[in-house]
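The exercises below are meant to be worked with the sequence and the coordinates open side by side. Each one sets a task and then goes through a solution step by step.

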Amino acid sequence: EFAGIIFTSANSVKFLDTKKLNKSIYCFCVGSATEKEALNKGFQNVYAADGNVHNLKEIIIQNYNKKKGKLLYVSGELITTNLHKQLIDEDYQVERIVNYNVEHITELDLKFIDQLKKICPISYMCTLKIVQKACSKLLKNMNLLTIG
């Protein structure tokens with residue numbers, strides 16, 4: 001029922017069961033890592049932005065005729081930009097599905113501190129204090145998301 005698919009992360013491709021999907025549909029990827037995953041899954045008609053959702057939107061608008069049909073937007077639970085809503089505002093038919101979520105770390109693992117001691121035994125406490133001080137100032141009004 002979809003003529004194109006949109007991926008905004010490599011994980012959204014990685015965690016999607018693509019066995020029954022038509023791999024020749026339009027495939028739009030946010031960046032090169034996502035593009036690589038899509039190609040590895042067998043998608044053939046792949047367009048990639050440079051890691052920017054705003055550029056991805058422009059690539060979709062320039063390369064996909066909305067008359068061709070619905071787009072499937074596959075993403076994680078947390079997104080930074082409502083790409084699907086922006087495309088809907090441009091009269092595209094887009095359905096979003098969430099195929100993975102992220103569990104946030106709430107405490108620093110003490111094994112990390114032990115490893116840090118082994119790597120730099122003399123200065124680990126100094127380094128830790130610098131990081132703590134910098135983070136308390138820099139991250140005061142920010143959210144930090146890391147993927148490991």
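**Exercise 1. Establish how much confidence the model carries, and where that confidence is lowest and highest among its elements.**

Step 1. This is a predicted model, and its protein chain has an average pLDDT of 84, with 77% of the residues scoring at least 70.

Step 2. Broken down by element, the lowest mean pLDDT, 60, belongs to helix H6 (residues 124-138), whereas strand S2 (residues 26-29) has the highest, 97.

Step 3. Where pLDDT is low, the predicted coordinates should not be read in detail.

**Exercise 2. Determine which residues of H3 are buried, how they are arranged around the helix, and what covers them.**

Step 1. The buried residues in H3 are Val53, Leu56, Lys57, Ile59 and Ile60.

Step 2. Viewed down the axis of H3, these buried residues fall within an arc of 160°, and therefore they line one face of the helix.

Step 3. The general background is that an α-helix has 3.6 residues a turn, so residues three or four places apart point the same way.

Step 4. The cover over the buried residues of H3 includes strand S1 (2-7), S2, strand S3 (45-48), S4 and helix H4 (83-89).

Step 5. At the N-terminal end, H3 is capped by asparagine 52, which places a side-chain oxygen 2.6 Å from the backbone nitrogen of histidine 54.

**Exercise 3. Decide whether tyrosine 64 is buried or exposed, and identify what it is in contact with.**

Step 1. Tyrosine 64 belongs to the loop between helix H3 (53-63) and strand S4 (70-76).

Step 2. Its relative accessibility is 2%, and because buried means under 20%, tyrosine 64 counts as buried.

Step 3. With neighbours within four places in sequence left aside, tyrosine 64 is in contact with Ala3, Gly4, Tyr26, Phe28, Gly69, Lys70, Leu71 and Tyr92.

Step 4. For one of these partners, alanine 3, the separation from tyrosine 64 is 61 residues in sequence and 9.4 Å in space, taken from C-alpha to C-alpha.

**Exercise 4. Classify two further loop residues, threonine 18 and aspartate 91, as buried or exposed.**

Step 1. Threonine 18 sits in the loop between helix H1 (10-14) and S2, and at 7% relative accessibility it counts as buried.

Step 2. Not counting residues up to four places away in sequence, threonine 18 touches Lys23, Lys41 and Phe43.

Step 3. Aspartate 91 is located in the loop between H4 and strand S5 (94-100), and with a relative accessible area of 61% it is exposed.

Step 4. The backbone of aspartate 91 also deserves inspection, since its phi is near 75°, a positive value in a residue other than glycine.

Key. Residues are numbered from 1 along each chain as its sequence is written. This is a predicted model: local features need pLDDT of at least 70, side-chain atom pairs count only at pLDDT 80 or more; totals for chains, interfaces and linings use all residues. Side-chain values use heavy atoms; hydrogens and water are left out. pLDDT is the predictor's confidence in each residue, from 0 to 100. Helices (H or I, at least four residues) and strands (E, at least two) are DSSP runs, numbered from the N terminus. Buried means under 20% relative accessible area, exposed over 50%, partly exposed in between (1.4 Å probe, protein chains only). Contact means heavy atoms within 4.5 Å. The arc is that of the directions from the helix axis to the C-beta atoms. A polar contact is a pair of N or O atoms within 3.5 Å; within protein, one must be able to donate a hydrogen and the other to accept it, and residues adjacent in sequence count only if both atoms are side-chain atoms.
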